[in-house]
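Trainee: I would like to go through the labels used for this model and ask what stands behind each of them.
Mentor: Then let us take them in turn, beginning with the structure itself.

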Amino acid sequence: MKDIYNQIVTAGSELVKLLGDFNKSFVGYVYSMRYDEVFVLTNDDWKHAVNGLPHNSFLVAAGFNPYKMADADVIDQEVVLLRILEPVSLPQDSDFVRTRIEHHQRRTSSEKLPGDVNDGMDPMTVSELQAGGLRCSILGTFYVEDGQLRLGSDIENFMTLSRLRAYKPTGEALAMIVNHVNPEVRKSAAEDAQKAGFKSVPSPIKIGTVRFTSTARMHRAKEKLVDVMIQPTDFLARRTAMFGMTRTGKSNTVKTTVSAVALAALKDGIKVGQLIFDINGEYANANHQDDGSSIADVFPTSTVRYRAIETHGFEDLRTNFYQESDQALNLIQSLFKNDKSPFSGQDLDAFMSSTLEEPNISARSEHTRWERHKAVFQCILHRAGYPAPAGFQVRVPVAAALTRQLNAWANAQTPPVTVRVPASEYVALDEASAWFEQLRQINLAIKQAQAQQQQPTIGLVSSTPGNSWVDPTLEAFLNILARENSRRQSFGGWRAIQKYTPYHSPRRSADVTDEILGHLDAGKIVILDLSAGPVEIRKVLSKRIASRIFDRQTTIMNEGKMPQNMVIYVEEAHNLIGKNAELTDTWPRLAKEGAKARIAFVYATQEPSSVHPNILANTENWFVTHLNNDDELKTLGKFYDFSHFVKSLKAAQDVGFARIKTLSSPFVIPTQINRFTPSEIKAEIERITKAQQTFSLH
């Protein structure tokens, strides 16, 4: 009866399941143990039986008899999770080496090639000589609490005379280990999913399969591949790092992640906007690595692509400088600041430090001055060769008081002169430019006359008595339009901004940042293809878009509302969130604080050491492929248990061979990332769509 009870307990025990087929998976005895590592006695025969023990592979150690689980002491009712680090010497190894050497020295010429299974030794000697030691890191302890399997990140006790046996987990046992999530983490994920709008916790994403070493002849060919699953909620409102050399699978991982998030959102009918800053155009365009498809091909109705040049199938990333003058001036100022321009001067300095941000319309005087500045700015654009939208007209000041001043001045001249006043408030750019140049000349003439009469040089008078109609900012703008300073000396003027015409798009009718935010709010995938068009656009326009998104999300959060879920992907991240970057700058702030505003930040780079240490320290998810530099590996080795993989990461250059650490997993899992396969993703989209249609019919 007791045997039957033991069989029932053994069959239902989660701890026993972790050992797998324990009759065949046994690999040795723990002969020494500390709180952070153990040493395992193994031998070649046991390794042969389990198809080898790869470097960095998992072992599990238990002190109970799997057949008699019901009789196990409470202290033994646990399974210790280990990672194989390296072979170690046994005390008798020097004798074993001497014996092996002597045996080889006695060989005859006929024994140059391998012989029988014992290779010329007697079975007793072979049994002794094949023993060896393994040093293993302790990753944690599995135990059962309240009927649920849990994993602690350390061990609670160790025995000097250890009774632990080591087993190699494979198949379902290995899947239990790499995909284990503790109950409190599942609960937290459920809460996060609810906040994000999911009806339930999204299904785990199959990101790849377990792979321990570059040489995968035995552990992946002769055994069933074990899927590695990750939780979609790990990525929402979190930071994710993707490190690796070019052509080692970073972009494939990004595509897989983008697809997984999109599928999870589609399944639950929620909106998760995803924005990709595509430096090399590999996400916006199909290439041979995608089986001839891109993300846009896989998600055609929910993907919007942008470029900084006019291209079929792409929206225009550029700003219409005439329609969005405040954004245009900011962009010109940023470009000029980063440029080595030959142009300079007091008026140009004033222009490059001014703003065209619209004041509140209730502040009538300020708003009127802003309208003048904006109108002259549009005329400057026209003179500099920026093509205007078809039929565009400028709103010019033709107030009755101003007209009276101009006519009075004109009639006082000898002989009298004619002032050409526009017939309406809205005129063509050529007429507006001539009108403002005329105003400038009259204003300078009035000021010159006032100076000769030793009067205050006010020039044209505004509606407020004693104030000049032409304020210092407007004076600088007018001088740039006329390419002449107030002392009537020629200078570069509008020629200083001629080179920035490629950043302007006359066909755009709204601010591109507002348009992109609208797409993200609708749950679409937005790809900014930065591989085409002016190089500077990467920093200037990208920063402006990122800043706008962060400010909008933060404002919503500060109002006590839940912001829209967004995921932002950035390539070449070391250029944006470098270790010397100020944390108050846009990109570092987005990476560091964006999570609070429901912005997930995914950054990819070949240089982990160049990323700001504060951002690295707050990164929850890590995907690391091949790195060939000791300095980069040293930086990586400071985090989690990546130090175990330093040698492997430097040596293994296999595409997609990654070491993954996610929020839900307490340790690094070596994984072969699945290839981005459009046909499979399209099939999944079709399956989800049909299921939703069927559900709605019922």
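Trainee: Are F58 and F667 buried or exposed?
Mentor: In this predicted model, F58 and F667 are both buried, a term kept for residues under 20% relative accessible area.

Trainee: Why is the pair of F58 and F667 called edge-to-face?
Mentor: The ring centres of F58 and F667 are 5.6 Å apart, and their planes stand at 65 degrees; since pairing requires centres within 6.5 Å and edge-to-face requires planes over 60 degrees apart, both conditions are met, so the name applies. The two partners come from distant parts of the chain, with F58 in strand β3 and F667 in the loop between β20 and β21, 609 residues apart.

Trainee: What makes F26 buried, and why does Y29 count as partly exposed?
Mentor: F26 has a relative accessible area of 19%, which lies under the 20% limit, so F26 is buried. Y29, with 34% relative accessibility, falls between the 20% and 50% limits and therefore counts as partly exposed. These residues also form an aromatic pair with each other, edge-to-face, at 5.1 Å centre to centre and with 70 degrees between the planes.

Trainee: How many aromatic pairs does the count come to, and which residues form one aromatic cluster?
Mentor: The count comes to 22 aromatic pairs. One aromatic cluster is formed by F243, F277, W587, F601, Y603, W622, F639, Y640 and F642.

Trainee: Why are helices α14 and α15 called oblique to each other?
Mentor: The axes of α14 (residues 400-412) and α15 (residues 429-452) come within 11 Å and cross at roughly 60 degrees; that angle is neither under 35 degrees, nor over 145, nor in the range 65 to 115, and the helices are therefore oblique. Their crossing is left-handed, and the contact is made by L402, L406 and W409 of α14 together with W435, L439, I442, A445 and I446 of α15. By residue type, this contact divides into eight nonpolar, no polar and no charged.

Trainee: At what angle do α15 and α16 pack, and which residues meet there?
Mentor: Helix α15 and helix α16 (residues 472-482) pack at about 120 degrees, with their axes 10 Å apart, and α15 passes α16 in a left-handed crossing. On the α15 side, S433, F436, E437, R440 and K447 meet E475, L478, N479, L481 and A482 of α16, a contact that divides into four nonpolar, two polar and four charged residues.

Technical notes. Residues numbered from 1 in each chain as written. Predicted model: local features only at pLDDT ≥ 70, side-chain atom pairs only at ≥ 80, totals over all residues. Heavy atoms only, no water. Axes fitted to C-alpha atoms, helices over the stretch in contact; angles between N-to-C directions. Helix = DSSP H or I, 4+ residues; strand = E, 2+ residues; numbered from the N terminus. Left-handed = near helix turned anticlockwise from the far one by under 90°. Contact = heavy atoms within 4.5 Å. Nonpolar A, V, L, I, M, F, W, Y, C, P; charged D, E, K, R; others polar. Phe/Tyr/Trp six-rings, centres within 6.5 Å; stacked < 30°, edge-to-face > 60°. Buried < 20%, exposed > 50% of the residue type's maximum accessible area, 1.4 Å probe, protein only.
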